[in-house]
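Biologist: Please take a close look at a single part of this model, the largest pocket, and then set it against its surroundings.

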Amino acid sequence: MTATVSGLYRFPVKSMLGERLATVSLSPEAIFPGDREFAIVHKTSAWDSTAPDWRPKTDFVNLSRVEKLANLRALLDEDKHLEICRAGKRVVGGDPASSAGRAVIEQFLSAFLGDVANGPFRLAQARENSLTDVPVPFVSLINVESARYLERVVRQPVDPARFRGNIVFEGLPAWGEFDWIGEEIVIGTARLKVEERIGRCAATGVNPRTAQRDLNIVRTLSEALGHTDMGVYASVKEPGTIRPGDTIAKVRV
């Protein structure tokens, strides 16, 4: 079987839905461009905008606790202007680098999250690495067949979008991605090293189409497979461009 990229995705704001990309250029030891560049800061967070280093997800409003965030989709253009949409329509946008643009976005977020404790809310922006759940510049890969395996276990659809992967691929048997750990792979013209499994949390229980918490993915994984992992993290070793349809091949030593 040949593994093939079926989709490329980035999620500009942590815990919101993201955008599908037609192509992406990866750089060595760097994040997936624009991914989790922003996050929503609550009042009791230790986030410091003057020293915007990585912080754990508990410092931000996240999908593990606030499923309504899945009603929002974040888009980021080439000029780093952020746009937030709901039900396919733009609800707010602006340049987060300007005080006026950031204020408009933060006003919307505080109103939208008005029933959530610890407001008002601010917009955090990463300095270098993204605000993913790990403090290293990884790219995430999700195997469609592993999601389909879970579908058979729970007897209902399991959208791979629940797992917020940057590179979604198919053509590999379920859980075959775990055999890549420690190996280098080539995707398009980029070369990556698969580093580790991705441990999952309650955020995966939220249906990205309905913004409702309808499954307990963590419990299902634990009971069916004895682990709570889905997908793998990889680091970029050689720069390159990736497009949907590109094959994924292990590097032969």
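**The largest pocket and its surroundings**

Modeller: The model is predicted. In it, 26 residues line the largest pocket, and Arg36, Asp133, Arg164, Arg200 and Tyr233 are the ones nearest its centre. The space in this pocket comes to about 490 Å³. By class, its lining holds 10 charged residues, 8 polar and 8 nonpolar. Strand β12, residues 190–199, is the element that gives the most to the lining, with 4 residues.

A second pocket can be described in the same terms. The second largest pocket holds about 400 Å³ of space. Its lining has 17 residues, with Tyr9, Arg73, Asp159, Pro160 and Ala161 closest to the centre. Two elements give two or more residues to that lining, β1 (3–10) and β2 (19–21); β1 gives the most, with 3 residues. The lining of the second largest pocket divides into 7 nonpolar, 6 charged and 4 polar residues.

Back at the largest pocket, Tyr233 is one of the residues nearest the centre, and Tyr233 in β13 stands opposite Ser140. Ser140 belongs to β9, where Ser140 and Ile142 point one way and Val139, Leu141 and Asn143 the other. In general, side chains in a regular strand alternate between the two faces of the sheet. Strand β9 covers residues 139–143, and 5 of its 5 residues are buried. On one side of the pairing, β9 and β13 run antiparallel and are joined by 3 bridges. The pairing of β9 with strand β10 (residues 167–170) is parallel and also spans 3 bridges, with Asn143 opposite Phe169 in β10.

Leu141 of β9 leads on to the packing. The largest nonpolar core has 36 residues, and those that touch the most other members are Leu141, Ile167, Trp180, Ile187, Leu192 and Ile242. Strand β13, residues 229–238, gives the most to this core, with 4 residues. Beyond its neighbours within four places in sequence, Ile242 is in contact with Val5, Leu8, Thr23, Val24, Leu26, Ile167, Ile187 and Ala190. A second core, separate from this one, has 25 residues, among them Ile40, Leu76, Val92 and Ala203. Nonpolar side chains tend to be buried together in soluble globular proteins.

Taken together, β13 ties these parts to one another: the strand holds Tyr233, which stands opposite Ser140, and β13 gives the most residues to the largest nonpolar core.

Definitions and conventions. Residues are numbered from 1 along each chain as its sequence is written. This is a predicted model: local features need pLDDT of at least 70, side-chain atom pairs count only at pLDDT 80 or more; totals for chains, interfaces and linings use all residues. Side-chain values use heavy atoms; hydrogens and water are left out. A nonpolar core is a set of buried Ala, Val, Leu, Ile, Met, Phe, Trp, Tyr and Cys residues joined through side-chain atoms within 4.5 Å. Buried means under 20% relative accessible area, exposed over 50%, partly exposed in between (1.4 Å probe, protein chains only). Contact means heavy atoms within 4.5 Å. On a 1 Å grid over the protein atoms alone, a cavity is a set of points where a 1.4 Å probe fits but cannot get out, and a pocket is an open set with protein on both sides within 12 Å along at least five of seven lines; lining residues have an atom within 4 Å of a point. Grid points are joined across faces, edges and corners, and a volume is the space filled by probe spheres set on the points. Ala, Val, Leu, Ile, Met, Phe, Trp, Tyr, Cys and Pro count as nonpolar, Asp, Glu, Lys and Arg as charged, and the others, Gly among them, as polar. Two strands pair if DSSP finds at least two bridges between them.
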